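Me: I'm new to this one and would like to talk it through in small steps. Can we start with the ligand and then move on to the rings and the core?

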Amino acid sequence: MKAADIVQQLDLEDIHIVSVVGSGLSKASGMPTFRGKDGLWKTYSALDLATPQAFKKDPNLVWNWYKWRMQALLTAKPNPGHDALVKLEKMGLSLGIITQNVDGLINFGNSSEHIVEIHGRIRYAHCTKCDHIQRWDSHEYAVADDSLLYCPYCKDALLRPDVVWFGESINPKHLQKAMNWIERSTIMLVIGTSGTVYPVANFPHIAKQQGTTLIEFNVTRTPLTPICDYFMRGPSEQTLPKFVDALLSKKV
Ligand code: BJW
């Protein structure tokens, strides 16, 4: 469906947008997605590496996967899809963005009030023993040379990426903030996610139950498509800017 046709049907007097974001948004910035052929690194499935068990069994393997992704991220730039979300926020139409992406490519400058990075942040690593957290997003660390990163305080304890793996809990403050935005939302944008990882895959269902209008942006249908009110098929780096521009042209 065309952006202008969707905007035509929205209640423009009452716009409170919450966005739920997945890895498809960052694909045009050179970041791989998780599922499908993109989700394969060497012969490993990304999903088999994103677990505490995989890290325990072979920390070198898991760190090398993260270093490979970091090498891509060090030269990655936000794409027009990321920029469109920042534009919505600047216009005061966005309650918040719930992103599953750990890449930090949605750039609000110093303000992180309106974004929740629900699966963590790849640019940081935390100690497996103490509370120490440090950045590791530099060429110095992102070398796939089998070296491990250790805590400067605990010495013998490994650092691990500051992300949420399968079976690990989501930060309750992040969940609370996300739920609060969903409760207040009138529109939810579901962008570039396969909608298969919980609890995020439940958010559109919760929003739908309370009457929020759902608009999905994806190159293909997903398990969430049947409950969405509108589906904008295509790369989000193209469809999202079109939608945001159509919305802003009606709002101002
Ligand atoms: C484009 C595009 C373009 C491409 N434009 N689109 C309830 C039921 C069943 C199981 C569970 C449940 N609740 C919890 C669970 C267990 C588990 C889970 O969900 N399992 C499922 C697999 C069934 N969840 C958890 O363990 C979570 N923890 C939790 O809930 O704690 C409490 C608890 C624990 C245990 C049991 C019960 C409760 C934690 C989940 C953590 C997920 N972590 C990862 C790795 C993060 C770190 C890292 O980045 O390395 O998060 S896994 C991976 O999947 C990553 C992603 O954020 C996440 C979602 O993937 P995403 O973004 O949707 O990517 P893809 O590849 O799947 O899809 C890309 C989409 O883009 C596709 O649709 C394309 O078509 C599209 N696309 N190009 C637009 N240009």
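**Ligand, rings and core**

Reply: A backbone N or O atom of V164 lies 2.9 Å from a nitrogen atom of the ligand, which fits a polar contact, defined as a pair of N or O atoms within 3.5 Å; within protein, one must be able to donate a hydrogen and the other to accept it, and residues adjacent in sequence count only if both atoms are side-chain atoms. This is a predicted model, where local features need pLDDT of at least 70 and side-chain atom pairs count only at pLDDT 80 or more, while totals for chains, interfaces and linings use all residues. Residues are numbered from 1 along each chain as its sequence is written, and side-chain values use heavy atoms, with hydrogens and water left out.

Me: ok, and what is 2.8 Å from an oxygen atom of the ligand?

Reply: That is an N or O atom in the side chain of H119, and a polar backbone atom of G192 lies 3.1 Å from an oxygen atom of the ligand.

Me: how many residues surround the ligand?

Reply: There are 35, counting a residue if one of its heavy atoms lies within 4 Å of the ligand; the closest are R35, Y66, G167, T193 and S194.

Me: switching to rings, how many aromatic pairs are there?

Reply: The whole structure holds seven, where rings of Phe, Tyr and Trp (its six-membered ring) pair if their centres lie within 6.5 Å, and planes under 30 degrees apart count as stacked, over 60 as edge-to-face and the rest as tilted. The pair of Y66 and W165 is tilted, because the ring centres are 6.3 Å apart and the planes meet at 50°.

Me: and are Y66 and W165 buried or exposed?

Reply: Both Y66 and W165 are buried, meaning under 20% relative accessible area, with exposed over 50% and partly exposed in between (1.4 Å probe, protein chains only). Together with F55 and W65, they form one aromatic cluster.

Me: now the core, which residues have the most contacts inside the largest one?

Reply: Those are L85, L189, I215, F243 and L247, in a nonpolar core of 31 residues, a core being a set of buried Ala, Val, Leu, Ile, Met, Phe, Trp, Tyr and Cys residues joined through side-chain atoms within 4.5 Å. A second, separate core has 30 residues, including M31 and W65.

Me: what does L85 touch?

Reply: Leaving out residues up to four places away in sequence, L85 touches S19, V21, L25, I97, I106, F108, I191 and L240, with contact meaning heavy atoms within 4.5 Å.
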